[in-house]
Amino acid sequence: MKYEVFVEDIKRGIEEIVREKLEDGVVVVRNVMKNNNVSMKAVSITRKGENATPTIYLKDYYKEYELGKSIESICNEIFEIYMDGIDRFKKSVNMDEFSDFDQIKEKIFYKIINFEMNKKLLRELPHFKFHDLAIIFFIMVNCDDKGQATALIHNQHLEAWGISFERLKKVAFNNTWEKYPAVIRKMEDIISEMIMKEIMDEEDEESDIIKEDSHYGSYDYEKIENIIREEVENLKADKEMEMYVLTNNIRFNGATCITYPGVIKRFAEEHNSDVYIIPSSIHEVILVPGIDWEKEKVNEMIVDVNDHELDPVEILSDHVYIFKREDGEISY
């Protein structure tokens, strides 16, 4: 089934559910412009009296359909996401807040995106450049273990709130630095953690595990953890090279941490070296201290990963950045 036909079938299926379970409701399918000028099909349900509604993207559901998931089950899942999203929104958001800056200001944050790839969008947004990237601002509508719901701040928001760009920037910077602090971890620790999770999930599908009492074969948790860490360390092609992942405490828009005051500088001083900054995605960057690479080769690797491995929406940049200790600046 072609994607366009799949989208129409999903729309009709959700409309049947809405007619059965809601007194009113209109199912809308539209193209939503995402980060990096990526257009994605999304479905939403609108009802009278609701000022906001979840936007549910269909690309991943199409992949699930191709793997055997039925249209009916996908439609039911989308409807449940809508109902759950509306309930969460009503509990966490008072729409009156959005018209009053003093009420909404604690939910205002900032993030970085690619400047060139978002030129059209940036015409509508308050922003400024950070090298070849752009800093933009958003409202964190909701953030919990089920994910994040955000709303971009547009130029008309500043007019409606009656505030200056400088005030928006100051509030967003302070909120972001305080609520979403930077986190730096060794790459092998993260890989080891992922492998450990896979093993423990195999051992106990319910994932209700107390580490001290967990065993895999004849090994306890700590022993397994140490073995995995050693094996991951042994797999490193260059034993002298250390790689670190920089993100924030929720791993969402964590690449923004390269703009935090002193974060990269302190890291460089701790390692007594310049630092290569590889833009892994909008959610994280990889820090590599003490290595003198050919930038062209690193850039080729980044482009290849962006082209073949990364969701286009999550691409941050196609080249490496370098922090030079002698001048305390990031360059590219």
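Select residues 275-281 and 284-289 in this predicted model. These are strands β12 and β13, which pair in the antiparallel sense over five bridges. Together they form a hairpin, with two residues between the strands. To find one facing pair, show Ile277, which stands opposite Leu287 in β13. Now colour β12 by accessibility: the strand is mostly covered, with six of its seven residues buried.

**The other partner of β12**

Add residues 321-324, which are strand β14. β14 runs antiparallel to β12, and three bridges join the two. Two facing pairs can be picked out here. Tyr276 stands opposite Ile322, and Ile277 stands opposite Tyr321. Ile277 therefore deserves a label, since it has a facing residue in β13 and another in β14, and strands of a sheet pair through backbone hydrogen bonds.Extend the selection to residues 329-331, strand β15. β14 and β15 run antiparallel and are joined by three bridges. Within this pair, the bridge partner of Lys324 is Glu329. The hairpin of β14 and β15 has four residues between the strands. Show the backbone of Gly328 in that hairpin, where the residue takes a positive phi near 65°.

**The loop between β12 and β13**

Go back to the first hairpin and select His283, which lies in the loop between β12 and β13. Is His283 buried or exposed? His283 counts as buried because its relative accessibility is 16%, and the cut-off for buried is under 20%.

Next, display what surrounds the residue. Leaving aside neighbours within four places in sequence, His283 is in contact with Thr247, Arg251, Phe252, Asn253, Gly254, Ala255 and Glu314. One of these contacts can be checked with a distance label: the backbone nitrogen of Asn253 lies 2.9 Å from a polar atom of the His283 side chain.

**A closed cavity**

Keep Asn253 selected, as this residue is also among those that line the largest cavity. How many cavities of 30 Å³ or more are there? The count comes to one. The largest cavity has a volume of about 60 Å³.

To see the walls, select Phe109, Tyr110, Phe138, Met140, Thr176, Tyr180, Asn248, Ile250, Phe252, Asn253, Thr256 and Tyr260. Phe252 and Asn253 in this list also appear among the contacts of His283. β4 and β6 each supply at least two residues of the lining. By class, the lining has eight nonpolar and four polar residues, and no charged ones.

**Asn175 in helix α7**

Show helix α7, residues 165-179, and pick Asn175 within the helix. Asn175 is buried, with a relative accessible area of 17%. Beyond its neighbours within four places in sequence, Asn175 is in contact with Lys105, Glu106, Lys107, Ile108, Phe109 and Tyr180. Phe109 and Tyr180 can stay on display from the previous stop, as both line the largest cavity.

**The largest pocket**

Switch to a surface view for the largest pocket, which holds about 2100 Å³ of space. Which residues lie nearest the centre of this pocket? Select Lys34, Thr55, Tyr57, Gln148 and Thr150, which lie nearest the centre among the 48 residues of the lining.

Then colour the elements that give two or more residues to the lining:

- Strands: β1 (26-34), β3 (56-57), β4 (108-114), β6 (133-144) and β7 (147-152).
- Helices: α2 (59-66), α3 (71-92) and α5 (119-122).

β4 and β6 are on this list, and each also supplies at least two residues of the lining of the largest cavity. Colouring the pocket lining by class gives 23 nonpolar, 13 polar and 12 charged residues.

**The sheet with β1 and β3**

Two of the pocket strands, β1 and β3, belong to an open sheet of three strands. Select β1, β2 and β3, which lie in that order with antiparallel pairing. Which strands are at the edges? The edge strands are β1 and β3, each pairing on one side only.

Zoom in on β1 and β2, where β2 covers residues 38-46. The two pair over nine bridges in the antiparallel sense. To locate one bridge, show Asn31 and its partner in β2, Lys41.

**The whole chain**

Finally, zoom out and colour by secondary structure. The chain has 11 helices and 15 strands. Colouring by accessibility shows 42% of the 332 residues counting as buried. Of the contacts in the chain with a separation of 6 or more, 61% are between residues 24 or more positions apart.

How values were computed. Residues are numbered from 1 along each chain as its sequence is written. This is a predicted model: local features need pLDDT of at least 70, side-chain atom pairs count only at pLDDT 80 or more; totals for chains, interfaces and linings use all residues. Side-chain values use heavy atoms; hydrogens and water are left out. On a 1 Å grid over the protein atoms alone, a cavity is a set of points where a 1.4 Å probe fits but cannot get out, and a pocket is an open set with protein on both sides within 12 Å along at least five of seven lines; lining residues have an atom within 4 Å of a point. Grid points are joined across faces, edges and corners, and a volume is the space filled by probe spheres set on the points. Ala, Val, Leu, Ile, Met, Phe, Trp, Tyr, Cys and Pro count as nonpolar, Asp, Glu, Lys and Arg as charged, and the others, Gly among them, as polar. Buried means under 20% relative accessible area, exposed over 50%, partly exposed in between (1.4 Å probe, protein chains only). Two strands pair if DSSP finds at least two bridges between them. A polar contact is a pair of N or O atoms within 3.5 Å; within protein, one must be able to donate a hydrogen and the other to accept it, and residues adjacent in sequence count only if both atoms are side-chain atoms. Contact means heavy atoms within 4.5 Å.
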